[in-house]
Amino acid sequence: MKVERFVTGIISTNCYLAVNEETKQAVIIDPAACPKKMLEHIEEEGLKIEAILLTHGHFDHIMGIDGFIKEYPVSVYVHEDDEKVMNDPRLNQSSIYTAGYTYPDAQYLRDRQTLELAGYTFEVIHTPGHTWGGCCYYVASEHVLFSGDTLFQCSVGRTDFETSSTSDLMHSIKERLLKLPDDTHVYPGHMGETTIGYEKTHNPFIVE
């Protein structure tokens, strides 16, 4: 799997392309916006977009959906506990920064559900805390985790929203994510990449 990062949207969100270089199939993760440079890259590389995966429903991870769906009419997936967030501009924060945005046509996922996309198995790991339905996507065969706003490099997601819980977030990280192999490469929703092993020993929110 080749993972390509595009920093998009007004809060510098990491939007990823997870690409199967053999088949040119690809998945989009967390489209904060739909930048022309990303569309051009997909076209130039001849990529076949198979789905859009959302780690949660906050505006800075979803507002590019319409632009991509217009070009690639694929399914959009998010955890079922973020259905209200996806459909409420107040809960997804879009009404604070924009005129408001919702996306009512997502398909809803359950914890531990798997999706077969681009030749890989994406496992849904429900990690509530940043939002009710925050989740990560784990591709075990590639030692890859898309962590959204649950786990960052030496940091963790915010928990000062209506849909947040500090205790839930820390439980999600310690009981769900830190039990993954140390060599799991973590691609977060903001800032730089990291690994599970690095965060175990360097993340000040985790290290006791």
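Begin by selecting Met86 and displaying its contacts: beyond its neighbours within four places in sequence, Met86 is in contact with Leu54, Gly57, Ile62, Ile65, Val78, Asn92, Thr102, Tyr103, Ala106 and Tyr108. The model on display is predicted. Met86 belongs to helix H3 and counts as buried, at 0% relative accessibility. For a sense of scale, add Thr166 to the selection: Thr166 lies 80 residues from Met86 along the chain, and the two C-alpha atoms are separated by 21 Å.

**From H3 into the following loop**

Proceed next to Gln93, which is found in the loop between helix H3 (83-86) and helix H4 (94-97). Its phi is near 75 degrees, a positive value in a residue other than glycine. Most residues other than glycine have a negative phi. Is Gln93 buried or exposed? With a relative accessible area of 14%, Gln93 is buried.

**The largest pocket**

Keep Gln93 selected, as this residue also takes part in lining the largest pocket. To display the rest of the lining, add Ile11, His58, Phe59, Asp60, Tyr97, His130, Asp149, Phe152, Arg158, Phe161 and His190. The volume of this pocket is about 220 Å³. How do the residues of its lining divide into nonpolar, polar and charged? The division is 5 nonpolar, 4 polar and 3 charged.

**Cys154**

Select Cys154, in the loop between strand E11 (151-152) and strand E12 (155-156). Although it is not a glycine, Cys154 has a positive phi of about 60 degrees. Cys154 is partly exposed, with a relative accessible area of 27%, whereas Gln93 is buried.

**Tyr77 in strand E5**

Turn now to strand E5 (residues 75-79), where Tyr77 is found. Tyr77 is buried, with a relative accessible area of 14%. Not counting residues up to four places away in sequence, Tyr77 touches Ala51, Ile52, Leu53, Leu54, Gln107, Leu109, Leu115 and Tyr137. One of these, Leu54, is also in contact with Met86. A distance drawn from the C-alpha of Tyr77 to that of Cys135 reads 11 Å, for two residues 58 apart in sequence.

**The six-stranded sheet**

Switch to a cartoon view and locate the open sheet of 6 strands, ordered E7-E8-E9-E10-E13-E14, with mixed pairing. Strand E7 (114-117) and strand E14 (194-195) stand at the edges; each has a single partner strand, so one side of each is left without a neighbour in the sheet. Strands of a sheet pair through backbone hydrogen bonds, either parallel or antiparallel.

At the E7 edge, E7 and strand E8 (residues 120-126) pair in the antiparallel sense over 4 bridges. Select Glu116 to find Thr121 of E8 standing opposite.

Continue to strand E9 (residues 135-139), which runs antiparallel to E10 and is joined to E10 by 3 bridges. Tyr137, already met as a contact of Tyr77, has Phe146 in E10 as its bridge partner. E9 and E10 form a hairpin with 4 residues between them. In the turn, His143 has a positive phi of about 55 degrees.

On to strand E10 (residues 144-148) itself: 5 of its 5 residues are buried. Which residues of E10 are buried on each side? Val144, Phe146 and Gly148 lie on one side, and Leu145 and Ser147 on the other. Both faces of the strand are thus covered.

E10 is also joined by 4 bridges to strand E13 (residues 185-188), and these two strands run parallel. Select Leu145 to find its bridge partner in E13, Val186.

**Helix H1**

Finish at helix H1 (residues 36-45), and select Met38, His41 and Ile42, which are buried. Why do these residues fall on the same side of H1? They cover an arc of only 95 degrees around the axis, which puts them on the same side of the helix. An α-helix has 3.6 residues a turn, so residues three or four places apart point the same way.

To see what covers the buried residues of H1, display strand E1 (2-8), strand E2 (13-19), strand E3 (25-29), strand E4 (48-53) and helix H2 (65-71), which are included in that cover. Rotating to the other side of H1 brings up Lys36, Lys37, Glu43 and Glu44, which are exposed. The last stop is Gly46, just after H1, where phi is positive at about 65 degrees.

How values were computed. Residues are numbered from 1 along each chain as its sequence is written. This is a predicted model: local features need pLDDT of at least 70, side-chain atom pairs count only at pLDDT 80 or more; totals for chains, interfaces and linings use all residues. Side-chain values use heavy atoms; hydrogens and water are left out. Buried means under 20% relative accessible area, exposed over 50%, partly exposed in between (1.4 Å probe, protein chains only). The arc is that of the directions from the helix axis to the C-beta atoms. Contact means heavy atoms within 4.5 Å. Two strands pair if DSSP finds at least two bridges between them. On a 1 Å grid over the protein atoms alone, a cavity is a set of points where a 1.4 Å probe fits but cannot get out, and a pocket is an open set with protein on both sides within 12 Å along at least five of seven lines; lining residues have an atom within 4 Å of a point. Grid points are joined across faces, edges and corners, and a volume is the space filled by probe spheres set on the points. Ala, Val, Leu, Ile, Met, Phe, Trp, Tyr, Cys and Pro count as nonpolar, Asp, Glu, Lys and Arg as charged, and the others, Gly among them, as polar.
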